[in-house]
Structure formats: structure tokens, C-alpha cells
Amino acid sequence: MIKEVSPKNVGSSEKKSKKILGQVAYWAILNLGLFLVAFSLWMFLAPNSFAVGGVGGISVVLSEALQSVVGGWVGEYIFSYYGIFTIFNIILLIFGLIFLGKSLTLKTIYCTVMLSAMNIALGFIPMGAVFKGGFGLTGGNHMFLELCFGVLISGLGQAIVFNCRASSGGTDIIALIIKKFSKANIGFALFAVDIIIACVPFFTKWATPEIALYSMLGVFAKSFVIDGVIENITKTKYVTIITVNPDVVSEVIRDYIHRGFTKLDGAGGFTGDPRTVIITVCRRSQAAHLKAKLHEVDPTAFVIITDAKEIVGRGFAEKL
């Protein structure tokens with residue numbers, strides 16, 4: 001016999017307050033991800049001329065090329081990496097609106113505008129005023145170390161944005177356009193665009209082979225960082241509880257971690273005594289809280305917690 005149990009309905013006012021808090025937390029986390037992307041470009045990538053893909057990479061390449069021939073305030077501001085970053089994002093946003101139309105979500109437009117604004121704001125803070133060594137955290141003396149931190153912070157930021165089911169715009173828009181007019185996979189399209197950008201320093205006069213190789217390495221490393229962070233953020237647990245106190249356990253799952261569950265009738269293999277098997281899935285942090293609470297309220301319960309590779313259903317991924 002199998003019974004499906006859903007969480008209790010909570011009051012409308014409580015639901016409304018939770019929804020508001022959830023929205024505030026969502027936008028705060030999304031903006032944190034965008035800030036980390038902008039911060040890594042300002043602090044580590046642009047000062048060392050690393051072109052690790054994306055609009056940031058294009059901006060670094062063009063900024064170095066144009067500032068070498070154009071001086072004055074035009075070169076300093078318009079052709080700075082943050083100036084070119086903003087111009088490119090505006091152009092890509094216009095192309096996105098033309099070719100993608102309604103499929104270009106308001107969230108993507110917001111992220112594109114906000115990321116450009118953050119880059120402009122940070123770009124007006126001279127690195128020499130922050131660190132006496134001049135450009136870059138180490139003054140350019142430890143390029144590999146700066147590449148590592150630049151890729152880690154940028155990858156973390158992008159992973160947070162992707163986990164919020166948003167896009168940072170930029171070359172993501174190019175990939176979406178390529179996908180629309182071809183059979184190319186969006187992940188492959190993004191990677192191909194990033195690789196092309198990272199290869200550009202090989203053909204420029206200002207970039208050394210060392211910078212070009214670092215840029216290529218950064219593209220590959222960033223893809224692993226993004227995948228690893230997203231996997232850890234979304235990691236879920238499959239929990240099986242065998243108990244003689246099903247009501248107590250049900251209450252803990254329903255009211256303490258606010259998850260649904262399934263009950264099955266079972267029996268002990270040796271004793272034949274009746275047991276209830278309760279199955280639930282939850283986030284990793286919820287599993288830790290559940291385990292501690294179960295030990296407190298039902299210390300005799302037999303609990304099995306395993307990693308769930310993927311969960312499709314309400315409260316998790318909505319589509320296969």
C-alpha cells in the first residue's frame with residue numbers, strides 16, 4: 001500500500017511573506033553572481049589582458065588594440081575594457097531583440113544592463129589607488145595566480161547566475177542566435193565562441209604567447225569551474241527512513257524541512273514486525289537538518305541517505 005502525502009497548506013499571509021522573502025533572496029543572489037563576474041574582470045582578467053571568452057574577453061582584446069593607437073579621453077574611457085564591454089552588450093542586446101524577440105527574456109536584459117553598469121562603476125576605480133603595486137592584485141608579478149583567481153571568481157559568478165535560471169547576456173545571446181538558425185547545441189556554440197575569442201591574442205602584436213596560452217587555459221578551466229559549482233549547488237539527497245514512528249517522522253519532514261514524502265508499508269526481514277518506509281528527496285542542507293532532527297525525535301529510525309543525480313518534479317527540475 002502506497003500513500004502520497006503533500007506538505008500542509010499554510011496560511012495565505014505566511015505564504016505571501018515567504019514569497020516576498022524568496023524573491024528578495026533570489027534577486028540578491030542573482031546580483032551577487034553578476035558582481036562576482038564584473039569583479040573578476042576588473043581585479044584579475046582585464047589588468048593582465050586575459051581574454052577568457054565572453055564579452056569580457058572581446059573587451060580586453062579590443063581595448064588593448066585600440067588604446068595603443070587612440071589616446072586622450074576617448075582611449076581612456078570609450079575604448080577602455082568597460083567602455084567596449086558596454087558598447088558590445090548594447091549591440092548584442094539589440095541583435096537579440098531583433099533575432100530572438102520574445103524568447104529573449106526580461107531577466108537576460110536585466111542581467112546584461114546590470115553587468116554593464118557594474119563594470120562601468122568598477123572601471124572608474126583605478127587599481128593603483130587600491131593596491132600600491134599598480135594594476136592587478138600582485139602588480140602583474142604572478143600572472144598564473146591571478147588567472148586562477150580570476151577564473152574561479154568569474155566561474156562562481158556565472159554558475160550562480162545560471163543556477164538562478166538567468167543568463168548574463170553577451171555571448172550567450174550569440175549562442176542563442178546560432179542555435180535558432182542552426183542545429184548546433186547551445187553549450188557547444190558558447191564554447192566555440194569563447195575559444196575563438198581566446199585565440200585572438202595569438203594574432204595580435206601587443207599580446208605575448210604567454211598571455212594567449214593563459215587565455216586558452218582560462219577558457220577550459222572556467223567551463224570546469226561552472227559545471228562543478230552548479231553541480232554542488234544543485235546537489236540533492238534521496239532519503240529512505242524505516243521507522244516504527246511514522247507520524248513523528250512525517251511531521252518532521254512536512255513541518256521542519258517542508259518537503260513532501262511517500263509512505264510504504266513494510267515488515268522487518270528477521271522479526272516480521274510491521275515497519276513504515278518513508279521516502280523523500282531534499283536539498284543537501286535540508287538532509288543535514290533532517291538527519292539531526294530525526295536523531296532527536298526518533299533515534300531508533302533506520303535512515304539511508306544517498307546522492308540523487310537528477311530529480312524531475314515539483315520543487316526541483318520541472319522538465320525532463
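**Entry 1: Ser63**

I looked up Ser63 and found it in helix α2. The model is a predicted one. I noted Ser63 as buried, because its relative accessibility is 7%, under the 20% limit for that class. I then listed its contacts, leaving out neighbours within four places in sequence: Ser63 is in contact with Phe79, Ser80, Tyr81 and Ile84.

**Entry 2: helix α2 against helix α4**

From Ser63 I turned to the helix pair. I read helix α2 as residues 54–67 and helix α4 as residues 81–99; their axes come within 8 Å and cross at roughly 125 degrees. I therefore recorded α2 and α4 as oblique to each other, since an angle between 115 and 145 degrees falls outside the perpendicular and antiparallel classes. The crossing in which α2 passes α4 is right-handed.

I next wrote down the residues that meet. On the α2 side I have Val55, Gly56, Ile58, Ser59, Leu62, Ser63 and Leu66, and on the α4 side Tyr81, Ile84, Phe85, Phe88, Asn89 and Leu92. By class, this contact of α2 with α4 holds 9 nonpolar and 4 polar residues, with no charged ones. Ser63 of α2 thus appears here as well, and Tyr81 and Ile84 are among the residues Ser63 touches.

**Entry 3: Leu97 and Leu100**

I followed α4 towards its end and looked up Leu97, whose place is in that helix. With a relative accessible area of 45%, I entered Leu97 as partly exposed. Not counting residues up to four places away in sequence, Leu97 touches Leu104 and Ile109. For Leu97 and Ile109 I noted a C-alpha to C-alpha distance of 9.4 Å, with their positions 12 residues apart in sequence.

I went on to Leu100, which I found in the loop between α4 and α5, the latter spanning 106–123. Leu100 counts as buried, because its relative accessibility is 9%. I recorded its contacts, again without residues up to four places away in sequence, as Phe95, Ile173, Leu176, Ile177 and Lys180. Leu100 and Ile177 are 77 residues apart along the chain, and I have their C-alpha atoms separated by 6.8 Å.

**Entry 4: helix α11 against helix α12**

I took up a second helix pair. Helix α11 covers residues 246–256 and helix α12 residues 284–297; the axes come within 10 Å and cross at roughly 145 degrees. I noted the crossing of α11 and α12 as right-handed. The contact is made by Val248, Val249, Val252, Ile253 and Tyr256 of α11, together with His289, Leu290, Lys293, Leu294 and Val297 of α12. I sorted the residues of this contact of α11 with α12 by class and have 8 nonpolar, 1 polar and 1 charged.

**Entry 5: positive phi at Ser49 and His258**

I checked the backbone at two residues. Ser49 is not a glycine, yet its phi is positive, at about 60 degrees. I located Ser49 in the loop between α1, residues 12–45, and α2. Its relative accessibility of 7% is the reason I list Ser49 as buried.

His258 likewise is not a glycine and has a positive phi, of about 55 degrees. I placed His258 in the loop between α11 and β3, where β3 is residues 261–267. Because its relative accessibility is 46%, His258 is entered as partly exposed.

**Entry 6: aromatic rings**

I looked up the aromatic pairs, and the count comes to 10. For the rings of Tyr26 and Trp27 I have centres 5.3 Å apart and planes at 90 degrees, so I list the pair as edge-to-face. Ring pairs link Tyr26, Trp27 and Tyr110 into a cluster. I also looked up the accessibility of Trp27: at 31% it counts as partly exposed.

**Entry 7: the chain as a whole**

I closed with totals for the protein chain. Its secondary structure comes to 12 helices and 5 strands. The chain has 320 residues, of which 40% count as buried. I also looked up contacts between residues at least 6 apart in sequence, and 72% of these join residues at least 24 apart.

Key: Residues are numbered from 1 along each chain as its sequence is written. This is a predicted model: local features need pLDDT of at least 70, side-chain atom pairs count only at pLDDT 80 or more; totals for chains, interfaces and linings use all residues. Side-chain values use heavy atoms; hydrogens and water are left out. Axes are lines fitted to C-alpha atoms, for helices over the stretch in contact, and angles run from 0 to 180 degrees between N-to-C directions. Helices (H or I, at least four residues) and strands (E, at least two) are DSSP runs, numbered from the N terminus. Angles under 35 degrees count as roughly parallel, over 145 as roughly antiparallel, 65 to 115 as roughly perpendicular and the rest as oblique. A crossing is left-handed if the near helix is turned anticlockwise from the far one by less than a right angle, and right-handed if clockwise. Contact means heavy atoms within 4.5 Å. Ala, Val, Leu, Ile, Met, Phe, Trp, Tyr, Cys and Pro count as nonpolar, Asp, Glu, Lys and Arg as charged, and the others, Gly among them, as polar. Buried means under 20% relative accessible area, exposed over 50%, partly exposed in between (1.4 Å probe, protein chains only). Rings of Phe, Tyr and Trp (its six-membered ring) pair if their centres lie within 6.5 Å; planes under 30 degrees apart count as stacked, over 60 as edge-to-face and the rest as tilted.
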